[in-house]
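Welcome! Below are some short exercises to help you find your way around a new structure, each with a worked solution.

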Amino acid sequence: MREWTRDERYQRFEEVPQDKLEALRAQVQQSNYKQIFHIQPESGLLNDPNGLIYFNGEYHVSHQWFPLGAVHGLKYWYNYTSKDLVHFEPHGPILKPDTKNDSHGVYSGSAFEYDNHLYYMYTGNARDESWQRHSSQLIAKVNQDKTISKFPKPVIGQPPEGYTEHFRDPKVFKKDDAYYAIIGAQNVHKSGRVVLYQSTDIVHWQFMGELETKLTEFGYMWECPDYFNLDGFDILMFCPQGVEPDGDKFNNIYQAGYIIGQLDVDNLAMNHADFNELDNGFDFYAPQSFVDAQGQRVLIGWMGLPDVNYPTDEENWAHCLTIPRVLSIEDGKLKQRPIKALKQLRFNEETALGYANKFTRQLHPYDGKQYELIIDVLENDATELYFELRSSRQHSTLIKYNTREQKLTLDRSESGPLPTPVEGTSRSTILDTPLSQLQIFIDTSSIEVFCNDGERVMTARIFPDEDATGIKTSTESGQAYLKFTKYELKEG
Ligand code: FRU
């Protein structure tokens, strides 16, 4: 990969000649790795989902965007609307780095409704002459015609005392009659934290304090927080940076997870169980949630990580968003299931019922590069179960289940070119219950595995050959009785 100079990274998209932008878009269109039912950038780099909301009968989904290449340069918000969270209409950049306070990037933030209008609160990233970072929180109103009116000055001008300039990603929520913003922060001792602000008029925001958790030493920065109450439980999600790996846990460069418990708002304290990762795969970060038209809590994440190079970087584009997941709490545990609306993309259903044993079986006429595959494990006497997807002579992505340990593994060591630097080539998780079902979404260059009807999710980018379309199954020893249901998936 070529090195980008600072000037190149902070070049304004509006000043780039049209033919250069066209050439960048053409590279995406020609890419063998272009996704068909995931939101991916029209050019350049996508990162965090931003400003997610269901408002006036439409979903609004934006993402962090650097249009000019696969690097983290000057960030914009690229915006889509949708009626169903499956088909998206692109609107291009909606928030631009065009004021003093966001001169070096309109960073992540959230959407909220106030007085029947749509607003965004986001982080303005600014750098001074000595390249010192200044973070403030800004509000922009989205007008009917999708033009933007930014408030003339930041609503939160600087980090509170005792915190560094790593102060960003406000998530606004309403509770009773007040608005709150929860913001990712780093204290002066270099520990990750979240802080809360309150407002009744959305212009004046009062610092309430830090939210106290048991995680006093848990990484040096907490990015992209989110808070909501679900089925009587309070959930705080955030992305800690600087957490050490611990067995099967925390093996990605940065984590995305949650704590669940009860929040005492008056004392700003949360009583909670352990931090859990939201996804046990390789590529998942900066998720945000919102409430959909049916009142369900839906989550979308960035299917990528900061500070990692991906095979499409050479083609000047990188990353995509995950499919939306519905969250619920069952028996005190968080469940994540793919949104039902994705069923619209299904065509050509094929089913098969049979035994897997130690002789590898290729499923015929099954194959594909974009599909949904449901595997029901009806009986399992195998020591280990193997499912190979996107397989060709050279490539294969392996899902492995160890029955005794109840351990599910996603192995991408043979999946094709790999993102770097990344620790290891497999990720594992111990299930709460024996494996009964896998629901797998395969797009051109990604896999999302939902396990046991929402118990776990494992997500990864994979970059196999064009002819890697096979689906195979086998066991280490013993046999399993399986039902396969496969749907091809159309473009979203
Ligand atoms: C997370 C993040 C956010 C920040 C944004 C900048 O990936 O670093 O904390 O607002 O990306 O693009």
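The exercises that follow deal with a predicted model.

**Exercise 1. Describe the largest pocket: what is its volume, and which residues lie nearest its centre?**

Solution. Start with the volume, which is about 860 Å³. Next, look at the lining, which is made up of 43 residues. Among these 43, Arg9, His72, Lys75, Pro306 and Asp307 lie nearest the centre of the pocket. Sorting the lining by class gives 21 nonpolar, 10 polar and 12 charged residues. Finally, check which strands take part: β1 (44–55), β5 (106–114), β9 (163–175), β13 (221–230) and β18 (285–291) each contribute at least two lining residues.

**Exercise 2. Follow the chain from β1 through β2 to β3, and work out how these strands pair.**

Solution. Begin with β1 and β2, which form a hairpin with two residues between them. In that turn sits Asn56, with a positive phi of about 50°. The pairing of β1 with β2 is antiparallel and covers seven bridges, and Tyr54 is found opposite Tyr59 in β2. Now turn to the next pair: β2 is joined to strand β3 (residues 76–82) by seven bridges, again antiparallel. Here Val61 faces Tyr80 in β3. One last step concerns the cover of β2 (residues 58–66): eight of its nine residues are buried.

**Exercise 3. In the open sheet of six strands, which strands stand at the edges, and why is one side of each left without a neighbour?**

Solution. First write down the strand order, β23-β34-β25-β30-β31-β32, with antiparallel pairing. The ends of this order are β23 (346–356) and β32 (456–461); each has a single partner strand, so one side of each lacks a neighbour in the sheet. On average, neighbouring strands here are turned by 15° against each other, ignoring direction. To look at one edge in detail, take strand β31 (residues 446–451), which pairs with β32 over six bridges in the antiparallel sense. Phe450 stands opposite Val457 in β32.

**Exercise 4. Is Leu268 buried or exposed?**

Solution. Locate Leu268 first: it belongs to the loop between β15 (257–264) and β16 (269–272). Its relative accessibility is 8%. The cut-off for buried is under 20%, so Leu268 counts as buried. Then ask what surrounds it. Beyond its neighbours within four places in sequence, Leu268 touches Leu196, Met208, Gly209, Glu210, Leu211 and Glu212. Of these contacts, take Leu196: the two residues are 72 apart in sequence, and their C-alpha atoms are 8.5 Å apart in space.

How values were computed: Residues are numbered from 1 along each chain as its sequence is written. This is a predicted model: local features need pLDDT of at least 70, side-chain atom pairs count only at pLDDT 80 or more; totals for chains, interfaces and linings use all residues. Side-chain values use heavy atoms; hydrogens and water are left out. On a 1 Å grid over the protein atoms alone, a cavity is a set of points where a 1.4 Å probe fits but cannot get out, and a pocket is an open set with protein on both sides within 12 Å along at least five of seven lines; lining residues have an atom within 4 Å of a point. Grid points are joined across faces, edges and corners, and a volume is the space filled by probe spheres set on the points. Helices (H or I, at least four residues) and strands (E, at least two) are DSSP runs, numbered from the N terminus. Ala, Val, Leu, Ile, Met, Phe, Trp, Tyr, Cys and Pro count as nonpolar, Asp, Glu, Lys and Arg as charged, and the others, Gly among them, as polar. Buried means under 20% relative accessible area, exposed over 50%, partly exposed in between (1.4 Å probe, protein chains only). Two strands pair if DSSP finds at least two bridges between them. Axes are lines fitted to C-alpha atoms, for helices over the stretch in contact, and angles run from 0 to 180 degrees between N-to-C directions. Contact means heavy atoms within 4.5 Å.
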